[in-house]
Amino acid sequence: MKDREELTRAEQAAFAALANEIEPPDGLEDDTLRLLRQRRLVRSGGHWWHAPRPAVWGVALAACLATLIIGIGVGRASVEPELPRASFILFLHAGPEFDAFSDANFAARFEDYNRWVAETRGSGHFITGEQLDDTGVMILPDGRGGIVERRVSAGPDGDMLGMFLITAADYDEATRIAQTLPHLEYGGRVSIRRVDPV
Amino acid sequence: MVVPIQDQPRSQGRPPDEESDRQLVAAFLERKDELAFRALYRRHSAYLYAIACRATAGQGVSPEELLQDTWVRALERLDSFRWQSRFRTWLAGVLFNCRNEALRRSGRGPETSRVAERATSPGDSEQRLDLEHAITLLPDGYRDVVLLHYVYGYPHAEVAEVLDIAVGTSKSQAARGLQRLRVLLGGEEKGGAR
C-alpha cells in the first residue's frame with residue numbers, strides 16, 4: 001500500500017506546491033451572507049452591536065409617552081424637557097503600540113469587545129458600531145482642478161479601524177465610557193468626537 | 001466590536017487553532033451574529049475554496065456556489081457538530097457532500113465523471129500533464145482521496161471521515177490514484193509528478 005511517505009521527493013514537492021489556499025472572489029463573502037440572512041441562519045440587521053431596533057423604538061416611545069403623561073399630570077410649566085444627550089463617535093485607531101490580532105488571541109478579544117458592547121448597551125449609552133474595511137480610498141484635490149485618489153489602509157500609521165457611536169451627557173462622560181474600551185488594553189488608540197447637532 | 005474582523009488573519013496555509021474556532025462557533029451559535037460568521041468565513045474559506053476549485057474542476061459545478069452551499073449547510077448543522085474532529089475537517093466533509101449533491105442534481109453522480117473516464121484511458125497517458133491538471137482528470141473517487149491525502153496531508157482516517165468511506169478504501173484509492181497520476185504524468189511508477 002503506497003502512502004504519502006512513499007512518494008518521491010519530487011512528488012512530495014509537487015503535491016506540497018498544490019496545497020496552497022485560494023482567496024474566494026471579492027464579494028462572495030457578502031453574497032454568502034445575504035444568502036444566509038435570507039435563510040435566517042444569520043441575524044439580519046448587520047453587526048451584533050447594532051441596537052435591537054424594535055426594543056429601542058419601544059423604549060423611546062414609552063419614554064415619550066411617560067413624559068407626556070407626567071407633563072399632563074403636573075402641568076406644563078412644571079416639567080422642563082430633559083436636554084437631549086449628545087452623541088459621540090469613538091474612532092478606533094491602531095497606533096504604534098497596538099498588539100495585532102492573531103489566531104491565538106482573536107476569540108478572546110472577540111468576547112472582550114462583545115462584553116463592552118453589552119455593558120455599554122446595558123447602561124443605555126450604546127447606539128451602534130461599525131468596523132471598517134482594511135483598505136479604502138481617499139479622494140482629494142490634485143491642485144490642478146482635478147481629483148486624485150489614494151489608497152488608504154488601516155494599521156499602526158494608517159487610517160482608523162472602526163467606530164462606535166454612543167450617547168453621553170458631555171465629553172467627560174464620553175471619555176469615561178471610552179476608557180473602558182478593551183481596545184486601549186491592546187495598545188490601540190481612541191479619539192472622541194462629539195457629533196455636532198447642527 | 002470593531003477591530004478584530006479587520007485584523008482577522010486569513011489562515012495563509014496554517015490551520016487556525018481549534019480552541020479559537022470553538023469560541024467563534026460558540027459565539028455564533030449564541031447570537032447568530034454576522035461578525036462571528038465573517039470571522040469563521042475568513043478563517044476557512046480560502047482553504048475550502050482551494051479544495052472546491054480542485055474538487056469541481058471539469059465537472060460543471062461552480063466552486064463559488066459550492067463554497068456558498070458549504071457555508072449554508074454548515075451553519076444549518078453547526079449545532080450538531082460535536083468536535084470529534086477538527087472544525088476544518090468537518091467543513092471539508094460538508095463541502096464534499098454538497099459537491100456530490102450538486103453532481104447528482106446535474107445528472108452526474110460522483111463516480112460517473114465522463115471526463116475523468118475518458119481522460120484516464122490508456123490512449124491519453126502519452127500526453128504529459130502538469131500535476132494539478134492530472135489530478136482533475138482522475139476519476140472522482142481517486143481524485144478526492146488524492147487531493148485530501150497527498151495534497152492536503154489528511155491522514156487516511158480523516159479522509160475516510162470527510163468522504164464517508166472506509167479507511168481501507170481511502171488507502172486503496174490513494175494508491176490507485178497515485179498510480180494513475182504517474183501514468184498520466186508520463187512516468188511509470190515514481191517520479192512522474194513535476
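Buried, on this tour, means under 20% relative accessible area. Keep that cut-off in mind, and remember that you are looking at a predicted model.

**Stop 1: a ring pair in chain A**

Select Trp116(A). At 2% relative accessibility it falls under the cut-off, so Trp116(A) counts as buried. Now add Phe126(A), which is buried as well, at 9%. The two rings make an edge-to-face aromatic pair, with 6.3 Å from centre to centre and 80° between the planes. Trp116(A) belongs to helix H4 (residues 103-122) of chain A and Phe126(A) to strand S2 (residues 126-131) of chain A, so the pair ties together parts 10 residues apart in sequence. Over all chains, the structure holds 15 aromatic pairs.

**Stop 2: chain A as a whole**

Zoom out and colour chain A by secondary structure. You should find 6 helices and 6 strands, and reading along the sequence gives α-α-α-β-α-β-β-β-β-α-α-β. How much of chain A is buried? Of its 198 residues, 36% count as buried. Switch on the surface of chain A: the accessible part comes to about 12,300 Å², with 56% of that belonging to carbon and sulfur atoms. If you draw contacts in chain A with a separation of 6 or more, 69% of them are between residues 24 or more positions apart.

**Stop 3: a two-faced helix**

Next, pick helix H5 (residues 171-178) of chain A and look down its axis. Glu173(A), Ala174(A), Ile177(A) and Ala178(A) are the buried ones to highlight. They cover an arc of only 140° around the axis, which puts them on the same side of H5(A). An α-helix has 3.6 residues a turn, so residues three or four places apart point the same way. Turn H5(A) around, and the face away from the buried side shows you the exposed residues Asp172(A) and Arg176(A).

**Stop 4: over to chain B**

Hide chain A for a moment. Chain B has 10 helices and 0 strands, so to speak a one-letter pattern: α-α-α-α-α-α-α-α-α-α. Buried residues make up 62% of its 194 residues. The accessible surface of chain B is about 7,500 Å², and carbon and sulfur atoms own 46% of it. Among contacts in chain B with a separation of 6 or more, 65% come from residues 24 or more positions apart.

**Stop 5: the nonpolar cores**

Bring chain A back and select Phe15(A), Phe37(B), Phe87(B) and Ile135(B). These have the most contacts inside the largest nonpolar core, which has 68 residues. Which helix gives the most to this core? Helix H3 (residues 34-56) of chain B does, with 13 residues. Apart from this core lies another of 20 residues, and Phe88(A), Phe98(A), Ala174(A) and Ile192(A) are among them. You have already met Ala174(A) on the buried side of H5(A).

Now centre on Ile135(B). Leaving aside neighbours within four places in sequence, it is in contact with Phe15(A) and Leu18(A) from chain A, plus Arg143(B), Val146(B), Leu147(B), Val151(B) and Leu181(B).

**Stop 6: the enclosed helix**

Several of those partners, including Arg143(B) and Val146(B), are buried residues of H8(B), so select helix H8 (residues 140-151) of chain B: 12 of its 12 residues are buried, and it is largely enclosed by the rest of the structure. What do they pack against? Show helix H1 (9-18) of chain A, then H3, helix H5 (87-105), helix H7 (131-136), helix H9 (156-163) and helix H10 (167-184) of chain B. Following H8(B) is Gly153(B), with a positive phi near 75°.

**Stop 7: rings and charges in chain B**

Finish with sticks on Phe81(B), Trp83(B), Phe87(B) and Trp90(B), which ring pairs link into a cluster. Within it, Phe81(B) and Phe87(B) form a tilted pair, 5.8 Å centre to centre and 50° between the planes. Both are buried, Phe81(B) at a relative accessible area of 7% and Phe87(B) at 1%.

Two arginines round things off. Select Arg88(B) with Tyr47(B): the charged end of Arg88(B) sits over the ring, 4.1 Å from its centre. Then try Arg86(B), which lies over the face of Tyr154(B) at 5.4 Å from the ring centre.

How values were computed: Residues are numbered from 1 along each chain as its sequence is written. Chains are lettered from A and ligands numbered from 1 in the order in which they are written. This is a predicted model: local features need pLDDT of at least 70, side-chain atom pairs count only at pLDDT 80 or more; totals for chains, interfaces and linings use all residues. Side-chain values use heavy atoms; hydrogens and water are left out. A nonpolar core is a set of buried Ala, Val, Leu, Ile, Met, Phe, Trp, Tyr and Cys residues joined through side-chain atoms within 4.5 Å. Buried means under 20% relative accessible area, exposed over 50%, partly exposed in between (1.4 Å probe, protein chains only). Helices (H or I, at least four residues) and strands (E, at least two) are DSSP runs, numbered from the N terminus. Contact means heavy atoms within 4.5 Å. Accessible areas come from the Shrake-Rupley method with a 1.4 Å probe; for residues, only the protein chains shown count as cover. Rings of Phe, Tyr and Trp (its six-membered ring) pair if their centres lie within 6.5 Å; planes under 30 degrees apart count as stacked, over 60 as edge-to-face and the rest as tilted. A charge sits over a ring if NZ of Lys or CZ of Arg is within 6 Å of the ring centre and within 35 degrees of the ring normal. The arc is that of the directions from the helix axis to the C-beta atoms.
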